[in-house]
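Student: Please take one part of this model and look at it closely. Then show me how that part connects with the rest.

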Amino acid sequence: MTLYILRRIFGFLVTLLIAAAVIFLLLDLLPGDPARFILGINATPESVAALRLQMGLDDPAIVRFSNWLFGMLRGDFGLSQTQKLPVAGLIADRMAVTLPLTIFAMVISTVIGLPLGILAARHRGKLVDTALMVLAQTGVAIPNFWFGMLLTLLFAVTLRWLPPGGFTPWHEDASASLRGLVLPSLALALPQAAILARVMRTALVDVSSQDFIRTARAKGMTFGEALWRHGVRNALLPVLTILGLQFAFLIAGTIIVENVFYLPGLGRLIYTAISERDLVLVRSATIILVLAVTFTMLVVDIAYGLVDPRLRERRV
């Protein structure tokens, strides 16, 4: 198991290094001069040249990439070109919104999706199964931003139970902060719950034809009992894959939802930085998202090894 984990950690580090190089290269190739964008079209060539020198834009690309990479390893993500504030502090402030939003959405997705998938598999071929799968297919087809607008129209505009958008800082009113995350969490979670329900149902249907389920039935268990006691654990591998992908998607996919609900999260910070061509902030915030995604997949890989010991014996 130790060797298995070390291999996965090595792959995780290599992936991060490649991703950092790709992010830096793509942003570096974008047309336009960040210094001129910051100073405006009326800036003199001398002032643009001075700002480029101050920002280190005249250094070779390999030097700028190395400075950025080793700076991040020291915890120094640089200074925002437009806001003139440390990037690390800006990202930390926004993660206080994005991370709880992602966790809430993940919990809602799991709590709704897994039981519905189990229920559909238990009643396979019956009216309950058909109705749940039609509902799940509908949930998959609905974009989360459109679903978010429907939720706002119902719960904020019509019923006035929840705020339509915005976010109250945690230190001011934690209950108001939680209420502000309910609708965006639901908008993110429900389409993912539909996917999770379909995957859980498919995995359990495949497992239900295995010999150990028939053996449990022969010992006197009902189909539902055999499925719950012996089928669910054996169906966890594809479910773990989807859970890992969903968590990564929710972290990286909050940009649209945060803009719909006016949440000051990491996604909205990246959107604003792109529109203002703040390359330092865009690079650092994007690599944070990549770190979150790749770390999630690392955790899923390790969970695979714990659930299925056969994976630890493979030379991969």
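Tutor: Val22 is partly exposed in this predicted model. Its relative accessible area is 41%. Buried would mean under 20%, and exposed would mean over 50%, so Val22 falls in between. Where does Val22 lie? It lies in helix 1, which runs over residues 2-28.

Val22 has company at the surface. Together with Phe10, Val14, Ile18 and Leu26, Val22 makes a nonpolar surface patch. The patch covers about 470 Å².

Helix 1 also takes part in two pockets. Rolling a probe the size of a water molecule over the atoms shows where empty space is left. Start with the second largest pocket, which has a volume of about 330 Å³. What kinds of residues line the second largest pocket? The lining holds 12 nonpolar residues, no polar ones and no charged ones. Among them are Leu13, Leu16, Leu17 and Ala20. Leu69, Phe70, Met72, Leu73 and Phe77 belong to the lining too. Ile287, Ile288 and Leu291 complete the list. Three helices each supply at least two of these lining residues: helix 1, helix 4 and helix 14.

Now turn to the largest pocket. About 680 Å³ of space lies in it. Helix 1 gives two or more residues to this lining, and so do helix 3 (45-55), helix 4 (61-73) and helix 14 (279-307). In total, 28 residues line the largest pocket. Met55, Gly56, Gln81, Val280 and Arg283 lie nearest its centre. The classes here are mixed: 11 nonpolar, 8 polar and 9 charged. Set that beside the second largest pocket, where the lining has no polar and no charged residues.

Step back to the whole chain. How many helices and strands does the protein have? It has 14 helices and 0 strands. The C-alpha atoms fill a box of roughly 85 × 60 × 35 Å along the principal axes. Of the 316 residues, 41% are buried.

Asp129 is a buried residue, with a relative accessible area of 4%. That value is under the 20% limit, so Asp129 counts as buried. Side chains of opposite charge can pair when their charged atoms come close. Asp129 does this with Arg201, in a salt bridge of 2.6 Å, N to O. The pair links distant parts of the chain: Asp129 sits in helix 6, Arg201 in helix 8 (residues 174-207), and they are 72 residues apart. The count for the model is 1 salt bridge.

Two loop residues round off the tour. Arg124 is in the loop between helix 5 (87-122) and helix 6 (127-141). It is partly exposed, at 44% relative accessibility. Arg124 and Ala174 are 50 residues apart in sequence, and their C-alpha atoms are 43 Å apart in space.

Arg160 is in the loop between helix 7 (144-158) and helix 8. Is Arg160 buried or exposed? Arg160 is exposed, because its relative accessible area is 70%. From Arg160 to Ala96 there are 64 residues in sequence and 26 Å in space, C-alpha to C-alpha.

Now go back to the part we started with. Val22 is one of the residues of the nonpolar patch, and its own helix 1 supplies residues to the lining of the second largest pocket.

How values were computed. Residues numbered from 1 in each chain as written. Predicted model: local features only at pLDDT ≥ 70, side-chain atom pairs only at ≥ 80, totals over all residues. Heavy atoms only, no water. 1 Å grid on protein atoms, 1.4 Å probe; cavity = no way out; pocket = protein on both sides within 12 Å on 5 of 7 lines; lining within 4 Å. Points joined across faces, edges and corners; volume = space filled by probe spheres on them. Helix = DSSP H or I, 4+ residues; strand = E, 2+ residues; numbered from the N terminus. Nonpolar A, V, L, I, M, F, W, Y, C, P; charged D, E, K, R; others polar. Patch = residues over 30% accessible without salt bridge, like charges linked within 9 Å, V, L, I, M, F, W, Y side chains within 5 Å. Areas by Shrake-Rupley, 256 points an atom, 1.4 Å probe, with all protein chains shown as cover. Salt bridge = Lys/Arg side-chain N within 4 Å of Asp/Glu carboxyl O. Buried < 20%, exposed > 50% of the residue type's maximum accessible area, 1.4 Å probe, protein only.
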